[in-house]
Structures are given as structure tokens and as C-alpha cells.
Amino acid sequence: MEGCLAVNANGKSGGLVMMWKESNKVEVQTYSSNHIDSIIKLENDNPIRFTGFYGNAIPNKRQCSWNMLRRVGQSVTEKWIIEGDFNTILDNAEKEGGRRKPSALMEDFREVVDELSMADLKTDNGWFTWVNNRDGTALVKERLDRFLMPTNDVARFPFMETKVIHQSTSDHDAIILDTEGRKPRDSHRDPRLCFKYDVCWAKDVEAKKIIKEAWQKGSKDIMGKIEMVGKKPGGGYVCE
């Protein structure tokens, strides 16, 4: 079965959830209303420490969040990734519109980043991850969500890729990190020859059988499943 750990929100703020595939080995270390700390073992059995984080939304309580990260850091011996909504910015270059942020709050954030020797991983696309969804001069954008990684670990992931994914139903955009996102593919295929699913196949009994079999017994990767459907004998259906 798939794995999941959820931490309830406090009112309208906070709330954390961590989900993982059955094939992944995940050991949750600690969790609270502001974090979920875990060890993830990859296919090569090399562990990665992953900490999902939510910075306290109340500024005068945010120091407790930073101290929690410091405590987690004391026990980390693996490669470490921190991801989440930090509810603050490192400097005013990460904010557009509205009043400038108090320098003391930004300094507290920079201090814990420096103490833990973390690198701020810039996204390959986009910059701001939160918007207040107002118009005109009232519009405010901020970079509240990010990935942090120890500076010494960054070079160990030469193919790492990070992206901002726009969310139309939330004031926060999603951010993703793929440790092998830039890894060169084994072979380059002509895009005109790539397999594409046609909705008309849903009406064909034999096509349904091929798709179901590939989806249940095929690769655990979605793209692998789709490719397997395309390679199945009889998979070259043409809609009439």
C-alpha cells in the first residue's frame, strides 16, 4: 500500500502531509505541527534525510520553528533536503508589492540558514510562490516556498532540477525537486514517433484489455506504463 502521514492544521494555517509510493522505503523520525522529518532510502539504498517544513505564520513565534530546524540538524548524518513554506523571505528581492518586510525577521531566517550551512536552491522557472490574489497596487507576491540543501551536498546531485508549478486554486504555487531531472536520456526519439493515447480507444474492448494489463503489471513509473501500452502487440489502433 502507499504510505502517508498527515498532521492537522491549526485553524486555517499550517497542516502537513507526506505521501510516498510503496516502492520507497521511508522512515519517519519525528513530526510536529511545523515539520515532518524522515529518512528516505533510494533504489541504491543511499539514504536521504527529507524534512517537510512549515514556518509559524505568527512572526513572534517563528523563532520556535527555527529552533526546531536546529534540533533536527543536530541529528542529521545523511544528505539532507528541507522543503516547505517558510512563511518568510531571505531579503526584499523575494517580494514584489506591499510594505517591506522587517529586517529582523529576514535576519533570523538568514541566520539559521547560515548556521546549518544550507544552500538556497533556486527554481529553474518562476520565482514567486505566493500571491495575495488582489488587483492593481494591492497585489503582493513573495517567495515563501523553497528547497534548502547543505552546501556540501549540492555537488552530489549534478542532474538536480527544481520547478515552480502554478496552482489555479491556491494562493501558493507548488514546488518540485527531481534529483535526476536533468539527467541525459539513454536515447533520443523522434517526437513524431512517440506513442499517444486516443480517447476513442476507451470504447474498444481489446484496447481496454491492453491498457489495463500494462497499467497493472508494467513499470511503476507513469511514463513507463504509457510506453508499454504503445509497445503492446495490437496497440496500434486507429480511430474511425
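Mentor: Contact here means heavy atoms within 4.5 Å of each other. The model is predicted, so local features need pLDDT of at least 70 and side-chain atom pairs count only at pLDDT 80 or more, while totals for chains, interfaces and linings use all residues. Residues are numbered from 1 along each chain as its sequence is written, and side-chain values use heavy atoms, with hydrogens and water left out.

Trainee: How many helices and strands are there in the chain?

Mentor: Helices (H or I, at least four residues) and strands (E, at least two) are DSSP runs, numbered from the N terminus. On that basis the chain has five helices and 13 strands.

Trainee: What percentage of the residues of the chain count as buried?

Mentor: Buried means under 20% relative accessible area, exposed over 50%, and partly exposed in between (1.4 Å probe, protein chains only). The chain has 240 residues, and the share of them that count as buried is 37%.

Trainee: With which residues is Thr51 in contact, leaving aside its neighbours within four places in sequence?

Mentor: Thr51 is in strand S5 (residues 47-54) and counts as buried because its relative accessibility is 0%. With those neighbours left aside, its contacts are His35, Ile36, Asp37, Leu69, Val72, Trp80, Ile81, Ile82 and Glu83.

Trainee: Which side chain makes a polar contact with the side chain of Thr51?

Mentor: A polar contact is a pair of N or O atoms within 3.5 Å; within protein, one must be able to donate a hydrogen and the other to accept it, and residues adjacent in sequence count only if both atoms are side-chain atoms. At 2.8 Å, the partner of the Thr51 side chain is that of Asp37.

Trainee: Arg49 is another residue of strand S5; with which residue does Arg49 form a salt bridge?

Mentor: A salt bridge is a side-chain nitrogen of Lys or Arg within 4 Å of a carboxyl oxygen of Asp or Glu. The closest N and O atoms of the Arg49 pair are 3.2 Å apart, and the partner is Glu78. Because Arg49 lies in strand S5 and its partner in the loop between helix H1 (62-74) and S6, the pair ties together parts 29 residues apart in sequence. Arg49 is buried at 3% relative accessibility, and at 19% so is its partner, Glu78.

Trainee: Asp85 is buried yet has no salt bridge; how far away is the nearest side chain of opposite charge?

Mentor: Asp85 is in strand S6 (residues 79-85), and one of its side-chain polar atoms lies 3.0 Å from the backbone nitrogen of Asn87. For charge, Lys and Arg count as positive and Asp and Glu as negative, with His and the chain ends not counted. The nearest side chain of opposite charge is Arg62, at a distance of 8.2 Å.

Trainee: Are the faces of S11 covered or uncovered?

Mentor: Six of the six residues of strand S11 (residues 145-150) are buried, so the strand is largely enclosed by the rest of the structure. Asp145, Phe147 and Met149 lie on one side and Arg146, Leu148 and Pro150 on the other, and both faces are covered.

Trainee: In S11, which residue is the bridge partner of Glu83?

Mentor: Two strands pair if DSSP finds at least two bridges between them. S6 and S11 pair in the antiparallel sense over four bridges, and strand S8 (residues 118-121) also pairs with S11 in the antiparallel sense over four bridges. In the S8 pairing, Met118 stands opposite Pro150. For Glu83 the partner is Phe147.

Trainee: Which strands stand at the edges of the open sheet of three strands?

Mentor: The order of this sheet is S7-S10-S9, with antiparallel pairing. One side of each edge strand is left without a neighbour in the sheet because each has a single partner strand; the two are S7 (95-96) and S9 (130-131).

Trainee: With which residue of strand S7 do the side chains of Glu142 meet in a salt bridge?

Mentor: Glu142 is buried, with a relative accessible area of 5%, and stands opposite Trp130. Glu142 also forms a salt bridge with Lys101, at 3.4 Å between the closest N and O atoms. The S7 partner is 47 residues away in sequence. At 2.8 Å, N to O, that partner is Lys95.
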